[in-house]
Amino acid sequence: MATGVPGVDVLVIGSGASGLAAAVAAERAGGRVALATKGSLQANNSSKAQGGIQAAFGADDSPEQHAEDVWRSSHKTSDPRLVEVLTGNAQSAIHWLEELGVEFTRENGGYRLARCGGASAKRLLQVGDRTGHAITKSLRDAWEAGEGTSYTNSPLRELTEVDGRWHARVGEHVVEAGTVVLAAGGRCYAEAERSGELSTNHPNATGEVTQLALGLGAEARDLDALQYHPNGGAWPPNMQGYSIPETTRAYGAVLLNADGEEFTDSLGPRDEVSQAIFDEVAKGKGTSTPDGRPAVYLDTPRIPEADADVSLPYMLRRYRGSGIDPLGERILTYPVLHYQNGGLVIDTDAATTIEGLYACGEIAGGTHGRNRMMGNSLLECVVFGRRAGEASLEMARS
């Protein structure tokens, strides 16, 4: 078995937005940092995130209003302390990303802001409809420009504490670290495989690291609360499981049943919109795809072409490449498994209930409660990833 970097301060597990943010933050604070990931650095859910990232920049908005929307959308199940950190640090997270090279879409001298489901104001920033790709690329570039060590194709297989230090077996390597940051994501791909459903997730989203942490005695919450993305692609076959950006609804698209009737608030919280679709189909008012899958219509021709060209270019290319023009005809949609709302219990510095072990991103629970708003996942990754990186380094040096 090969030996890893001896005596690093911080070992990060996972290369999505949260893991990269933690690694960059710790490394830039002067730490000796290693990052291990299951596949390549690019293989993660964050890179697939399209809709955007929330931050209260609007004149009619505030971090407190954002926090209230999170609390309400979670049905009062989120941790208010974590929510306050999330929304209170949103603007600084955006500026940090800009310093790293992310160029958010702008108009009229400011950010182009959209209203997303469950929000009381326009606060969704975007990079077209490939926001996650842009964020992870800039974070990855920053990480690779530093002095840290990457272990790719090296899943976490074992983690033990010995005399106040962590010993991790990642792939064929053994790494010793003062602290460990778990940022390995959720398990929705594995859950979809088990249930025969579709999922938006990367195939690496299988949840082993959560189970490993639970085996060490870490506390968790809401692990049963898996979220459906209301608008999974239902047809054509190559779009099945694709997460149609929810900004389609922000820019005017509405959900329709087989009779062409609106049956829900298309800008409601994710769980309510998904449940409304399930219920409509159960009542016999849905339609079906040519291969027999249930569906309803997303009336995308209502989206102004100017908005679609700026904020939905990737979606347009994908559908048009499959012979469907979303601005000329309705598209078929149905909820797909998307996100693990619950996870490991953390405090405001992303520390788990095990000393020296931190968690951020989808593997951590509490920030969203049992139902997440769109645009808050990437925000959580950046806000709590940075905090995890900085706090874990401080502890490693104490």
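Two residues are in contact when heavy atoms of one lie within 4.5 Å of heavy atoms of the other. In the predicted model described here, contacts in this sense join helix α3 to helix α12: Leu82, Val85 and Leu86 in α3 meet Asn376, Leu379, Glu380, Val383, Phe384 and Arg387 in α12. Two packed helices are described by the angle between their axes and the distance between the axes. For α3 and α12, the axes come within 9 Å and cross at roughly 95°. Angles of 65 to 115 degrees count as roughly perpendicular, and α3 and α12 are therefore roughly perpendicular to each other.

Both of these helices also take part in the surroundings of helix α2. The buried residues of α2 are His66, Ala67, Asp69, Val70 and Ser73. Viewed down the axis of α2, these buried residues fall within an arc of 160°, so they line one face of the helix. An α-helix has 3.6 residues a turn, so residues three or four places apart point the same way. The buried residues of α2 pack against strand β4, α3 (80–88) and α12 (376–397). Just after α2, histidine 75 adopts a positive phi of about 60°.

Helix α4, which spans residues 90–99, was examined in the same manner. Its buried residues are Ala90, Ala93, Ile94, Trp96 and Leu97. Down the axis of α4, the buried residues lie within an arc of 160°, so they too line one face of their helix. Glycine 101 follows α4 and has a positive phi, near 115°.

Aromatic rings were considered next. A pair of aromatic rings is described by the distance of the centres and the angle of the planes. The structure holds five aromatic pairs. One of them is formed by phenylalanine 57 and tyrosine 111, with 4.7 Å from centre to centre and 55° between the planes, and is tilted. This pair links distant parts of the chain, as its members are 54 residues apart. Phenylalanine 57 belongs to the loop between β4 (53–54) and α2 (63–73), while tyrosine 111 belongs to strand β6 (residues 110–111). Phenylalanine 57 counts as partly exposed because its relative accessibility is 22%, where buried means under 20%. Tyrosine 111, with a relative accessible area of 14%, is therefore buried.

Tyrosine 111 also pairs with phenylalanine 104; this pair is edge-to-face, with centres 6.4 Å apart and 85° between the planes. Phenylalanine 104 has a relative accessibility of 6% and so counts as buried. Phe57, Phe104 and Tyr111 form one aromatic cluster. A charged group is found at this cluster as well: the charged end of arginine 106 sits over the ring of tyrosine 111, 4.2 Å from the ring centre. A second arrangement of this kind involves arginine 330, whose charged end sits over the ring of tyrosine 297 at 5.6 Å from its centre.

The last site concerns proline 236, which is placed in the loop between β13 (226–233) and α8 (247–250). Proline 236 counts as buried because its relative accessibility is 9%. Apart from its neighbours within four places in sequence, proline 236 is in contact with Tyr319, Ser322 and Ile324. The C-alpha atoms of proline 236 and proline 290 are separated by 8.5 Å, although these residues are 54 residues apart along the chain.

Terms used: Residues numbered from 1 in each chain as written. Predicted model: local features only at pLDDT ≥ 70, side-chain atom pairs only at ≥ 80, totals over all residues. Heavy atoms only, no water. Phe/Tyr/Trp six-rings, centres within 6.5 Å; stacked < 30°, edge-to-face > 60°. Helix = DSSP H or I, 4+ residues; strand = E, 2+ residues; numbered from the N terminus. Buried < 20%, exposed > 50% of the residue type's maximum accessible area, 1.4 Å probe, protein only. Lys NZ or Arg CZ within 6 Å of the ring centre and 35° of its normal. Arc of directions from axis to C-beta. Axes fitted to C-alpha atoms, helices over the stretch in contact; angles between N-to-C directions. Parallel < 35°, antiparallel > 145°, perpendicular 65-115°, else oblique.
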